[in-house]
Every structure is written in structure tokens, then in C-alpha cells.
Amino acid sequence: MILKLFRKNPAPDAVYAVYTAIVAQSRQPVFYAEWGVPDTVTGRFDMISLHLALVFRRLRHEKKVGIEFGQALFDLFFKDMDRSLRELGAGDLSVPKKVRKMTEIFYALMTGVNEAIDRGDRAGVEVVLRRNVFGEAEAGRADELASYLFTQADSLATQPLDAIAGGHIDMAVAA
């Protein structure tokens, strides 16, 4: 526990810059207006989670810098979710339970998508999206979202760790 005080943390500005880029990317109107992702708090959480999952996928095989940057990004994400829940009126006693549930949802989505992408299984990604993102909403455009995720994963794979850990991440516009 005391050793955490002496660890060098990734630059907070860089972590914030990448997180801000992920949030901006996940807010593209095409996801909601054209591809049918529910334009709800949950739908927006799912889109941020998908983009974070892709970034964590990129960082997962990196050594110390990638691990530390990923942890800082994860911490910022859930700190932001905690803040958002409080802004939405969740009480102090219910916030930890809701954040725990959000963590479970995030891990299930990240695991399902990343395992399917690792296999090159577009249909598998579509199944995960239909189950975890679209739910009861019409999922007719899950194929486009799946293709988009593969494109983003390929793009992120070519981006140097130094750039990402420096706060610069490139994500293509969804079309």
C-alpha cells in the first residue's frame, strides 16, 4: 500500500487527453441516429466501454508503461462514472453498488468483444453487440458497428505506445 506513494504514475494530462478523445469518439451521432445504439445513459456508457475496450486491447501486451497507463485510464473512467451517477441523483449509498455493476458490465463487454476480435470473428462480435449493447433495441446495424470495431482495432494496433501514453490517439470517424 505505501509503495503506491512512490510509483510514478502516467502523466495525468495524457490520460485525460486519451479519455476525452474516447468519450468524444463514442458520442458520434452515427452510432445512435443511424446504427441504432440506444441513445440513453446505458447506450452511451456502452459506447465509451467499447472504445475503452479497444484501447485496453492495444495496451494489453505492453510492459510497464502500457499497464500503468491502462490502469490510470481505467481509474479515470470509473471516477467519471461515479461523478456521473451522482449528477444523475444516485445517493451516496447506492453509488458503489452501481459502479460495481457497471464494472461487471464493462468487463463482460470488453472480454466478449476482444475475444471475438482476437479470433477474427465478426459474427461473434455482432452477437456480443446484440446481447450487450443493443439489448431489446433493433440491432439491424450491429454488422456496421462490428466492422467499425475491427477497423478501430486495426488502427490502434499500429499506433505507437509512446504516442498513446503521451496523450495522442487517432480514431477514425464512423461512417
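## A walk from helix 1 to the salt bridges

Start by selecting the buried residues of helix 1: A14, V15, V18, Y19, I22, V23, Q25 and S26. Keep in mind as you click around that this is a predicted model. Look at how those numbers are spaced, with one general point in hand: an α-helix has 3.6 residues a turn, so residues three or four places apart point the same way.

Now show all of helix 1, residues 12-26. How far apart should the ends of helix 1 be, at 1.5 Å a residue? Its 15 residues should span 21 Å, and the end C-alpha atoms are indeed 21 Å apart, so the two values agree.

**Next stop: Q25.** Zoom in on Q25, which sits in helix 1. Is Q25 buried or exposed? Its relative accessible area is 9%, and the cut-off for buried is under 20%, so Q25 counts as buried. To see what surrounds Q25, setting aside neighbours within four places in sequence, select F31, H51, Y148, Q152, M171, A172 and V173; Q25 is in contact with each of these.

**Hop to F31.** From Q25, step across to F31. Again leaving out neighbours within four places in sequence, F31 touches Q25, S26, G36, V37, M47, H51, L145, Y148 and A174. F31 also has a place in the largest nonpolar core, which has 55 residues; F31, L73 and L145 are the ones with the most contacts inside it. Which helices supply at least two residues each to this core? Colour helix 1, helix 2 (29-34), helix 3 (41-59), helix 4 (64-87), helix 5 (95-119), helix 6 (122-134), helix 7 (142-157) and helix 8 (161-165), and you have them. Helix 3 gives the largest share, 10 residues.

**Helix 3 against helix 7.** Hide everything but these two. Their axes come within 9 Å and cross at roughly 35°, and the crossing is right-handed. On the helix 3 side, select M47, L50, H51, L54, V55, R57 and R58; on the helix 7 side, select L145, Y148, L149, Q152, A153, L156 and A157. Some of these are already on your list: H51, Y148 and Q152 are among the contacts of Q25, while M47 and L145 are among those of F31.

**On to the charges.** Stay on helix 3 and pick R57, then bring D118 into view. The two form a salt bridge, with the closest N and O atoms 2.6 Å apart. D118 lies in helix 5 and R57 in helix 3, so this pair ties together parts 61 residues apart in sequence. Check the burial of each partner: R57 is buried, at 18% relative accessible area, whereas D118 is partly exposed, at 42%.

How many salt bridges are there in the model? The count comes to eight, and two more are worth selecting here. D121 pairs with R119, the closest N and O atoms being 3.1 Å apart. D121 is partly exposed at 25% relative accessibility, while R119 is exposed at 55%. Then go to R141 and E144, whose side chains meet in a salt bridge at 2.3 Å, N to O. Both partners are partly exposed: R141 has a relative accessible area of 32%, and E144 comes in at 26%. For a last selection, add R60 to R57 and D118: salt bridges that share partners join R57, R60 and D118 into one network.

Key
Residues numbered from 1 in each chain as written. Predicted model: local features only at pLDDT ≥ 70, side-chain atom pairs only at ≥ 80, totals over all residues. Heavy atoms only, no water. Helix = DSSP H or I, 4+ residues; strand = E, 2+ residues; numbered from the N terminus. Buried < 20%, exposed > 50% of the residue type's maximum accessible area, 1.4 Å probe, protein only. Contact = heavy atoms within 4.5 Å. Core = buried A, V, L, I, M, F, W, Y, C linked by side-chain atoms within 4.5 Å. Salt bridge = Lys/Arg side-chain N within 4 Å of Asp/Glu carboxyl O. Expected span 1.5 Å × (residues − 1). Axes fitted to C-alpha atoms, helices over the stretch in contact; angles between N-to-C directions. Left-handed = near helix turned anticlockwise from the far one by under 90°.
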